[in-house]
Amino acid sequence: MRTVLTTGPGGAGRTTLAAATALAAAANGGRTLLVSAEPIPGFPDGTEPTAVTDRLDHARIDSGAHFRAELTELQQRASGVLDLVGAGRLDGEELTELPGSPQLALLHTLHRAAAGDWSTGGYDTLVVDLPPLDQALALLALPEQLRRYLRRLLPAERQAARALRPVLAQLAGVPMPAQWLYEAAARKDAELAAVQALVEDGSTTLRLAAEPGPAAEAALRTARTGLALYGLRADLLVANRVLPRHSSDPWFADLAAQQEKCLGHWHEEWAPDVPVHEAAHLGRDPRTADELAALAVPAPDEREPGRVDDPWWIEEEPGEEGRPSVLAWCLPLPGAAKEDLRLVRRGEELLLTVGPFHRIVRVASALRRCTVSGAALTHGVLRVRFTPDPALWPRTP
């Protein structure tokens, strides 16, 4: 199944792009499912897949209902602990969703799609309307981060000590973590792993919608760095609401000239790797399938590769006279600035911060017996230099 994730700076028309992409995929002959948290004019509003056309279904994410269901289930599983401390239960009607619940609801929906809960539709393409660009990149990195937190807080090895819990409970005077907690962590880890696999799958791509202008240009420049850091690939940049280039009205002419200048930069920076599609301004937001089709957004190309398998690569640099060669671990970071970079090595992990983006990666196996001897950002490529540690590398006779 091809997965297309759509996002863009706030107010740039990302939901419109998602709907237009889904319609194009369906018109191309593939069974398509569109998932969105925002209502779409003319589309059904149900939380289960509902037909829009013969080949297109739409499902809307209800984050409030998801939050209430999750918290109610948690109360039921933790009933023993809650009764012990005399805690009162919260009814579903009095639960109001907290910040962050829309993101968790979207991850749950992606898990349903990845797990095949909606496989009865026989979908060829899944189109997902993500939050605005900065939130979307953080959301796509969340499964990997949450799984790491679970492994650190509730490592599977601790389950081997469950036979000692009654003794420890008597010594401490309080109940020790129950088996259900580890089981719940294992279930969540499996769900997050499925979502992470969906995001990292070779058939998953990202589509960006942006209205040409200085603010969008800055946001997209920052996004390029985040995409590279997380190994995501954009297959299309849609320049939305493009004005006619020739107008007798001076105000419109100036605005069109500003857009044209920005479009020139986008074609130069993104193409040919990422095509730039110019969608004309319709005079209002699209309200019907015909108006969405008028944007002429191309259908996803099944032949195009999706996510890069591993954006990192290793190069060998000759050492100075009498010194061993240096191995450089390289990562392309277009748009990154040296002052925004921060690197910390901790054991077998590298903590990498680039502007607002943060990622923790395991050091490649060939480099774990080396020490970090420096790093440099040159021509948009980060090179972290590793020097073999004589105490760890086997000596040759």
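Leaving aside neighbours within four places in sequence, Arg14 is in contact with Thr6, Thr7, Gly8, Glu38, Asp129, Leu130, Pro131, Pro132 and Ala209. The model in which these contacts appear is a predicted one, and Arg14 itself is placed in helix H1, which covers residues 14–27. With a relative accessible area of 15%, Arg14 is buried, and one of its contacts, Leu130, is also among the residues that touch the most other members of the largest nonpolar core. The points below take up the aromatic pairs, the cores, the cysteines, one helix, and several places of note in the backbone.

**Aromatic pairs**

- A search of the whole structure finds four aromatic pairs, and one of them joins Tyr230 and Phe357, whose ring centres are 6.2 Å apart and whose planes stand at 85 degrees, so the pair is edge-to-face.
- Because Tyr230 lies in helix H8 (residues 214–230) and Phe357 in strand S13 (residues 357–362), this pair ties together parts that are 127 residues apart in sequence.
- Both partners are removed from the surface by the accessibility criterion: Tyr230 is buried with a relative accessible area of 9%, and Phe357 is buried at 7% relative accessibility.
- The rings of Trp329 and Phe386 likewise make an edge-to-face pair, since their centres are 6.4 Å apart and their planes are at 70 degrees.
- This pair also links distant parts of the chain, with Trp329 in strand S10 (residues 326–332) and Phe386 in strand S15 (residues 381–388), 57 residues apart.
- Trp329 and Phe386 are both buried, and together with Trp312 they form one aromatic cluster.
- A charged side chain also meets an aromatic ring, in that Arg224 lies over the face of Trp270 at 5.3 Å from the ring centre.

**Nonpolar cores**

- The largest nonpolar core has 64 residues, and those that touch the most other members are Leu130, Leu208, Leu237, Trp266, Trp270 and Trp329; of these, Trp270 is the residue whose ring face lies under Arg224, while Trp329 belongs to the aromatic cluster with Trp312 and Phe386.
- When neighbours within four places in sequence are left aside, Leu237 is in contact with Leu208, Ala210, Leu220, Trp266, Trp270, Val274, Pro275, Val276 and His277.
- Another core, of 20 residues, lies apart from the largest one and includes Ala18, Leu23, Leu34 and Phe43.

**Cysteines**

- The structure holds zero disulfides.
- Cys262 is buried at 3% relative accessibility, and Cys370 is buried as well, at 4%.

**Helix H4**

- Helix H4 (residues 101–115) has 15 residues, and the 21 Å from its first C-alpha to its last is close to the 21 Å expected at 1.5 Å a residue.
- The buried residues of H4 are Ser101, Ala105, Leu106, Leu107, Thr109, Leu110, His111 and Ala113, a list that holds the polar residues Ser101, Thr109 and His111 alongside Ala and Leu residues.
- Just after H4 comes Gly116, which takes a positive phi of about 85 degrees.

**Backbone geometry**

- Most residues other than glycine have a negative phi, and most peptide bonds are trans.
- The peptide bond from Ala271 to Pro272 is cis, with omega near 5 degrees, and Pro272 is found in the loop between helix H9 (250–270) and strand S8 (276–280).
- Arg241, although not a glycine, has a positive phi of about 60 degrees; this residue is placed in strand S7 (residues 234–242) and is buried, with a relative accessible area of 18%.
- His379 is likewise not a glycine and has a positive phi of about 50 degrees, but its setting is the loop between strand S14 (370–378) and S15, where His379 counts as exposed at 80% relative accessibility.

**A loop residue and its distant neighbour in sequence**

- Asp301 is placed in the loop between helix H10 (289–293) and strand S9 (313–317), and is partly exposed, with a relative accessible area of 27%.
- Although Asp301 and Asn28 are 273 residues apart in sequence, they are 9.9 Å apart in space, C-alpha to C-alpha.

Conventions
Residues are numbered from 1 along each chain as its sequence is written. Side-chain values use heavy atoms; hydrogens and water are left out. Rings of Phe, Tyr and Trp (its six-membered ring) pair if their centres lie within 6.5 Å; planes under 30 degrees apart count as stacked, over 60 as edge-to-face and the rest as tilted. Helices (H or I, at least four residues) and strands (E, at least two) are DSSP runs, numbered from the N terminus. Buried means under 20% relative accessible area, exposed over 50%, partly exposed in between (1.4 Å probe, protein chains only). A charge sits over a ring if NZ of Lys or CZ of Arg is within 6 Å of the ring centre and within 35 degrees of the ring normal. A nonpolar core is a set of buried Ala, Val, Leu, Ile, Met, Phe, Trp, Tyr and Cys residues joined through side-chain atoms within 4.5 Å. Contact means heavy atoms within 4.5 Å. A disulfide is a pair of cysteine sulfur atoms within 2.5 Å. The expected span of a helix is 1.5 Å times one less than its number of residues.
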